[in-house]
Each structure stands twice: as C-alpha cells, then as structure tokens.
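User: Could you take a close look at the largest pocket in this model for me? I'd like to know what lines it and what the residues around it are doing.

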Amino acid sequence: MTARDSVDDHLNRWLKVLPSLDPTVEGVVKRMWVLTKHLGATKEESLAAHGLQTFEYVTLHALAGREGVASPSELATDLKLSPSAMTGRLDGLEQRGFVRRSPSTVDRRRLDVRLTDEGRAAWQGALESQGREEHRILRALSPDERGQLEDLLRRVLIEAEQRDDQRDDQRDDLR
C-alpha cells in the first residue's frame, strides 16, 4: 500500500460531504497547493536566514538573470514596477552594498546597476538553500518520473496559460 499524506485525509473528509467530488482532480489540485505552500515557506525561511526580504531577493534575482548588469528601466520592466518603485528598491539595495549604480559604459545618458559580490553572495545563498529543499523533495521520484512530472505539469500549465491569454485579450477589448 502507498503511504498516505495529508491530502488523503482531506479527500476522505470531503467525499463524505460532496459525493460528486472528483477525488483525482481534487487530489492533484490540493497536492499542488500544499506543495506550493511548502515551497513558499521554505523560500521565506531561506530569505530570512540570508537577511533578505522577498522584494530584495526578487530584484537581485532579476539582476543576476541579466548577468549582473542592467539599467533601472530594464529591471523595472522585468519586475513590472514603476520607475519610482524601482528607484526605491535600488536605493535600499545600494545602501546594503548589494548593488552599485554607475554611468553606463555604452550610453552616458543612462545608469547601469551592477550586482556586487555581496549582493551575489546573498542572492546565491538564498537560491541554493531553496534548491536543496526542491531537490530533497523531488528525490522521492526517479529521474524518469521527474521528467514525466515535468512534462505533465507543462501540459497543465499550457492549458492554464491559454485561459490567462484569453482573459488578457478580453481585458484589452474592454479598454
């Protein structure tokens, strides 16, 4: 018999109340929700252990994803922030020594934001802590099973994103 998890208890409870409930759909969705909650808590613990707030980590992550150098407007676009909100974030990160702003070497009208060694260390430390937990929980599956899970989740996400795209199109039509 397969080991039981907290969702099995959830299903037993709700199937008595809602006999028409599809236990497979409910089990999949509830397990994704519980895992998302678990990984979110792990991320918060990791950020706290590395002295980062979520908005700082996200900004450092975006900058690292641009090979450690970007303009404030590029980062604002990446993070869907207003220029003034981005300036506020960069002010705080610069005070902490995580980023440095300097004149661009290619366009003197612009500033470049550079990830410092301290910023990279803080970002990388939090990233690695999260990664260890992700790898730990996915060790429950064989490499082939992890590949299958990735493919299955991709198919489900494509379906969800199609609905999101339709909603975006409808919102655009209303404007």
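Analyst: Here's a walk through the pocket, its lining and the contacts of some residues involved. Keep in mind that this is a predicted model.

The largest pocket has a volume of about 1,200 Å³. Its lining counts 31 residues, and the ones closest to the centre are R31, M32, L35, L138 and L149. Four helices each put at least two residues into that lining: α1 (6–17), α2 (23–49), α6 (117–138) and α7 (143–174). Of these, α2 gives the largest share, with 12 residues. As for chemistry, the lining splits into 17 nonpolar, 7 polar and 7 charged residues.

Some of those central names turn up again on the surface. M32, L138 and L149 belong to a nonpolar patch together with V25, V28, V29 and L153, and the seven side by side offer about 540 Å² of accessible area. Both α2 and α7 give two or more residues to this patch, and α2 again has the largest share, here 4 residues. Take V25 as an example: it sits in helix α2, and with a relative accessible area of 48% it's partly exposed, since the partly exposed class runs between 20% and 50%.

Now for R31, the charged name among the residues closest to the pocket centre. R31 pairs with D5 in a salt bridge whose closest N and O atoms are 2.7 Å apart. D5 is in the segment before α1 while R31 is in helix α2, so this bridge ties together parts that lie 26 residues apart in sequence. Neither partner is fully tucked away: R31 is partly exposed at 29% relative accessible area, and D5 is partly exposed too, at 32%. There's a third player as well, because D5, D8 and R31 are linked in a network of salt bridges. As a general point, side chains of opposite charge can pair when their charged atoms come close.

For context, the whole structure holds 14 salt bridges. Another one is E56 with R96, where the closest N and O atoms are 2.9 Å apart. That pair also links distant parts of the chain, with E56 in helix α3 (residues 54–65) and R96 in the loop between α5 (83–95) and β2 (99–103), 40 residues apart. Here the two ends have unlike surroundings: E56 is buried at 6% relative accessible area, whereas R96 is partly exposed at 39%.

Definitions and conventions:
Residues numbered from 1 in each chain as written. Predicted model: local features only at pLDDT ≥ 70, side-chain atom pairs only at ≥ 80, totals over all residues. Heavy atoms only, no water. 1 Å grid on protein atoms, 1.4 Å probe; cavity = no way out; pocket = protein on both sides within 12 Å on 5 of 7 lines; lining within 4 Å. Points joined across faces, edges and corners; volume = space filled by probe spheres on them. Nonpolar A, V, L, I, M, F, W, Y, C, P; charged D, E, K, R; others polar. Patch = residues over 30% accessible without salt bridge, like charges linked within 9 Å, V, L, I, M, F, W, Y side chains within 5 Å. Areas by Shrake-Rupley, 256 points an atom, 1.4 Å probe, with all protein chains shown as cover. Salt bridge = Lys/Arg side-chain N within 4 Å of Asp/Glu carboxyl O. Buried < 20%, exposed > 50% of the residue type's maximum accessible area, 1.4 Å probe, protein only.
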